[in-house]
Structures are given as C-alpha cells and as structure tokens.
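Got your viewer open? Here is a tour, stop by stop, with something to select each time.

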Amino acid sequence: MDIKSIKSQFPILLKKINGKPLIYLDSSNSSQKPLSVINSLDYFYRNEFSNIGRSIHSLAVNATNKYEETRMNVKSFVNAKSKDEIIFTKNATESINLIATTFGQEFINKGDEILITELEHHSNYVPWHYLRKSKGAIIKFAPINDDGDIIIQKLKELITSKTKIIAVTHLSNVTGTIVPIKEIVEIAKKKNIPVLVDGCQSAPHLKIDVQDLDCDFFAFSAHKVYGPTGVGLLYAKKKWLEKLPPYIGGGGMISEVKKDKITYAPLPEKYEAGTMPTAEIVAFNESIKFIKSIGIENIIKHEKELTNYALEKLKKNNSVNIVGNPKNKAGVISFTIKGIHPHDISTIVDEDGVAIRAGHHCSQILHERLKLTATARASFGVYNTKEDIDVLCKAIENCRKVFELK
Amino acid sequence: MDLKQLYQDIILEHGKSPRNFGKCEKYTHEAKGHNPLCGDQVQVYLKLNNEKKVEDLTFEGSGCAISIASTSIMTELVKGKSVETAKKIVIDFLNMIKSTSEIKSNDLSKDQKMIVMSLSGVKQYPMRVKCATLAWHTLTSAIERKKEDVNTEAID
C-alpha cells in the first residue's frame, strides 16, 4: 500500500498550519476528503445538478440515477440485502434520532427499558433520553471495565423482560475499543431484542457487514468516511422500516395526499422527505470507491500498524497516560499528560501543525466513569504515516518544555 | 504567535500553584460555572462584609492552565476591593481579553495590572478565550446571586 500516493490525493494535507506542515490526527472527529470527492461536488454542480425524483427532464433523470447509484454502493459497502434498507439522512445523529423517535413512538411505553453502554457518544444517548422524558422509559447503562471494554456478563444481567432495544457503539471514539457486536446481537436475539449499532467510528476503519453482524440498525456519517458533510446513513432491516412510522413529513415521502388521508411512499423514499443533499450524496459514491480502491483489509492493516507504533512510542514517554487498554483497539488514542490540561496540550501541539482534539469528545458518561474531565485524542485515518506520529510525539515533548516540567 | 506569549511565566506559575484555592469560611455568595466544550468547572466562594467589601474570595474546580491561572489572578486582584470596584475590574478584564489588550482600571496597582495583562495573549487564541473568562463571569454571577450556573456557551 502506497501511503504517499494516498496522502497526495488529499489536497488539504499539503497545507501548512502555523508555518508547519499539517499533521491531521483528528479523523475520529471528521476525516479529510480526497480530490475525487471534491471534484465530484464541483462536477455535479457544474454539469449535472437538478433536483431528483420529481421532474421528467434529462438532467433530473441523470441526477436521480447518480443519487441511486450511491445507494447501491452503500448497500454493497455495508453488505445489506436490499437497497431499500439504506436511508439517507443528515448525519449519524439524525439516523439514530430517526430510529429512537419512530421506534419509541411505536414500541416504547412507560417503564420500558432501553439498554445502552457507558462507552456511548452523546448521539447514542440523548435521543434515547428524549424517550425517557416523553414516554417514561428507563435507560440502563451496561458498565465497562477500567480497560474500556464492555463487561458483557453485566450487559446480559441488565436485560429484563422490559428491555425493548439495545443501542451500542461499534467502536469507541475515546478508547478505540472495538465492541464485540456479534456477541451482543446473539445475546439480544435470544430475547428477541433489536440492536442498534452506532457505526460512526467503525465505518471508515473496519469491514462492515450488517448481515454478518445481524444487527437491526446501523448508523454512520459520510463525513467520517472521507465523504462530504451533510450526509448520514441508516441501515435498517426491511421488516423494521415497513413497521415503523415515517419520521419527517413532507414532499417526496408520500404516495397520495387527500384532505382526509395521506399514504406514504414505499421504501426507501418513505424516510427521505424534502430535498436531500443531492450533490453530497452523489459525491459520497467517490468516497466508497476510494475505500474500495485501497481495500478495507489494507486499511485495517495499515491503521493497526500505526496504532501499535503510536502506542509503543507514547508509552515510552513516562508523563503520558493512555486512556483505556481494550482487548481490540482501533486507531483512536486518548491520553493525558501529568501536569498539563488537554486543552493546553492541544494549543501547544497545534503550534507544530498537529491537529488533535481535546475535551470530553461528546462522551461525558465515559469520562466520568474513568474519572477524567477531559482528555487529548489523536485519531488516525488511512492517510496518516509513522512520520506523523513522530511529529506528534515530538510536539508532546514540547508541551513539557513550554510548561517547564522536568 | 509565540507560545510564550500565551504561556507566560506568571500564568504557568499561577496555574501550577493557584492562590486562594478551596472553600473559604462563612462565604456569603457562591456560584458555579462550567464550559461544556471541555468540561472545565469552577466554583467561586465570595465573602462580603457589612460594608460590601470583598473580605475573602476563593475557588475550587478543574481546568487548563489558562483557566486556573485566570481564576487565581482574579481572586488576588479582587480581594479587599469594594463590590462596586470588583464589578468594574471584571468589566475591564473582559474588555481586555476581547478587544483592548489593556487594563485601564484605576483601582489596580501597576504590579497588579502587569499580572493581569499577562493574560492578554489569550486574545490571539479565540478558542481559549472562554477558558480565561469563565471564572470572571462566575464571579459576576456570585455577586448578583444568579440562580443559574454560568455556561460559557450561553455567553458572548
């Protein structure tokens, strides 16, 4: 795998930040975009733009075809059975909200339980909290151990006859924990409980096979998968999408509208009301092609090497404390430095062109569990190199110099 | 921008050994502030005497070097001042951080002005301004006995 040629496809990575070459280590937050995606947006608006699905003219037909082509490629990207199981949304947050709202409306009653985990991003907690408020549902948190792994036995014990859904992340955006989804789905299936997987972090970094995982719902965002912002993806088993009520109402999602009666469009249009981010969805096709051109197996191998290299190097620095030590870890490394707050770390390394994130990364429950208020986080994408990590480690050493720590 | 402009020795020193840290006895006012973006928290304890003078001002909390140093410096400057003067110093400080880079107050000594102006480098780092201002907003909230906690995201 030729990282140099991959990196050269990302124009932003040639930029200088504070006079230094940009070292982008914030891909868990959002990934950068290859030229093919940027060009696609430009090309579509210059040559092919039209609203989709409504008009008969040639432009509209072509735009609709392009839009649906992305759906077909997302279907194969996650290995869904049918294209009708792929819904476009605004982002993964909206995908989860879509399920929480419609599933809640139909299946959650007072006292029913929603089982999530201590690893979750706020986007896989807050939507369920709404059901706690509106329906009187109960939210339970499956605990993690100090390594950052979900204690599966405890999760099992938290399931009761009232548990209506389990919502769990595939990959922690803080500890990098790869969650054994298949094991959790197996447990849930025995009790007929559907499982929603927050795949935001896993989609760009792991092989996604929703049939193999056998989850009921899988949510992710295009912008973390080298795609444009404004596009979220939701995979849902057809049996659920047929049963659940629509989410947002308006044009495009209806079949027939009368003064006294409205019927809804078939799948997937039932869930895509209003004008969608057409150009962005079309451009997302290029992101999938980009990943395919490298091969997800190669990406996994490269990022594993990077992670091991970074962990090894960071552990040599005695002042650095790595957050969590999960059994299976992806390229997300959160850390603290004794005597220096993560915000200060981020400001100082930024001076060397290194972009990392500092804060609670929208995971306050997890930070509270680990007794931390904030952490610094370096996260990798396919374009990162060992040299990037060398620059990071040097920049971290500089933190101690600036703070005059011995 | 030189990092040393931001992390001046005075700031590092206050960040490492904050003054007036803890809960003072018999405080008359208190307020909490937090920055939801980073999770920083501060509690301010203020003791006003009958003449409306700041007899004691202490704080507890966790945060970055900028936020701890700013809070520590604030307690030193405001202690002993009348509540009206304290309010003026807060306004002066917020103006310094956001626009002027200077402290105009006649209520501070030359040394005190120098110390507080060590925080003016923060202006060059827009993402860090709230770290520096959190405690000052929280002090205002304590003086005014506001019921709601200070939330930096709800403040300009």
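In what sense do strand β1 and strand β2 of chain B pair, and over how many bridges? Select residues 29–35 of chain B for β1 and residues 40–48 of chain B for β2: the two strands pair in the antiparallel sense, over seven bridges. Keep in mind throughout that you are looking at a predicted model.

**Stop 1: the sheet in chain B**

Pick out B:Glu30 and follow the pairing across to β2(B), where its bridge partner is B:Tyr45. Now widen the selection to the open sheet of four strands, which has the order β3-β2-β1-β4 (chain B). The pairing in this sheet is mixed. At its edges you'll find β3 (54–62) and β4 (150–151) of chain B, each of which pairs on one side only.

Next, bring up the helix at residues 65–78 of chain B. This is α3, which packs on the sheet and touches β2 and β3 of chain B. Its direction makes about 170° with that of β3(B). Then add residues 129–143 of chain B, helix α6, which lies across β1, β2, β3 and β4 of chain B. Helix α6 of chain B runs at about 150° to β1(B).

**Stop 2: a sheet in chain A**

Over to chain A. Here four strands form an open sheet in the order β13-β14-β17-β16 (chain A), and the pairing is antiparallel. The edge strands to select are β13 (320–322) and β16 (357–359) of chain A. From one strand to the next, the twist averages 35°.

Zoom in on β13(A) and on β14 at residues 332–337 of chain A: three bridges join these antiparallel strands. One pair to label is A:Asn321 with A:Thr336, its bridge partner in β14(A).

Which helix packs on this sheet? Select residues 342–350 of chain A and you have α12, which touches β14, β16 and β17 (375–379) of chain A. The direction of α12(A) makes about 160° with that of β16(A).

**Stop 3: where the chains meet**

Show both chains and colour the contact, which takes 16 residues from chain A and 14 residues from chain B. On the chain A side, the elements that give two or more residues are α12, β16 and α13 (364–369) of chain A. The largest share there, four residues, comes from α12(A). If you colour the chain A side by residue type, expect five nonpolar, eight polar and three charged residues.

**Stop 4: the nonpolar core**

Now for the largest nonpolar core, with 151 residues. The ones with the most contacts inside it are A:Phe217 and A:Tyr235. Domain 1 (3–26 + 295–402) and domain 2 (38–292) of chain A both give residues to this core, so it lies between them.

Select A:Phe217 and show its neighbours: those it touches include A:Ile99, A:Leu196 and A:Ala236.

Step along to A:Phe218, in strand β9 (residues 217–221) of chain A. Is A:Phe218 buried or exposed? There are 29 other C-beta atoms within 10 Å, so A:Phe218 is buried. Among the residues A:Phe218 touches are A:Val78, A:Gly199 and A:Tyr235.

**Stop 5: a contrast**

Finish at A:Lys394, in helix α14 (residues 386–402) of chain A. Unlike A:Phe218, which is buried, A:Lys394 is exposed, with 12 other C-beta atoms within 10 Å. For a last distance to draw, try A:Lys394 to A:His343: they are 51 residues apart along the chain, and their C-alpha atoms are separated by 17 Å.

Conventions:
Residues numbered from 1 in each chain as written. Chains lettered and ligands numbered in written order. Predicted model: local features only at pLDDT ≥ 70, side-chain atom pairs only at ≥ 80, totals over all residues. Pairing = 2+ DSSP bridges. Axes fitted to C-alpha atoms, helices over the stretch in contact; angles between N-to-C directions. Contact = placed C-beta atoms within 7 Å. Core = buried A, V, L, I, M, F, W, Y, C linked by C-beta atoms within 7 Å. Buried ≥ 20, exposed ≤ 12 C-beta atoms within 10 Å, placed from the backbone. Domains from an automatic or database assignment. Nonpolar A, V, L, I, M, F, W, Y, C, P; charged D, E, K, R; others polar. Lists of a residue's contacts leave out its neighbours within four places in sequence.
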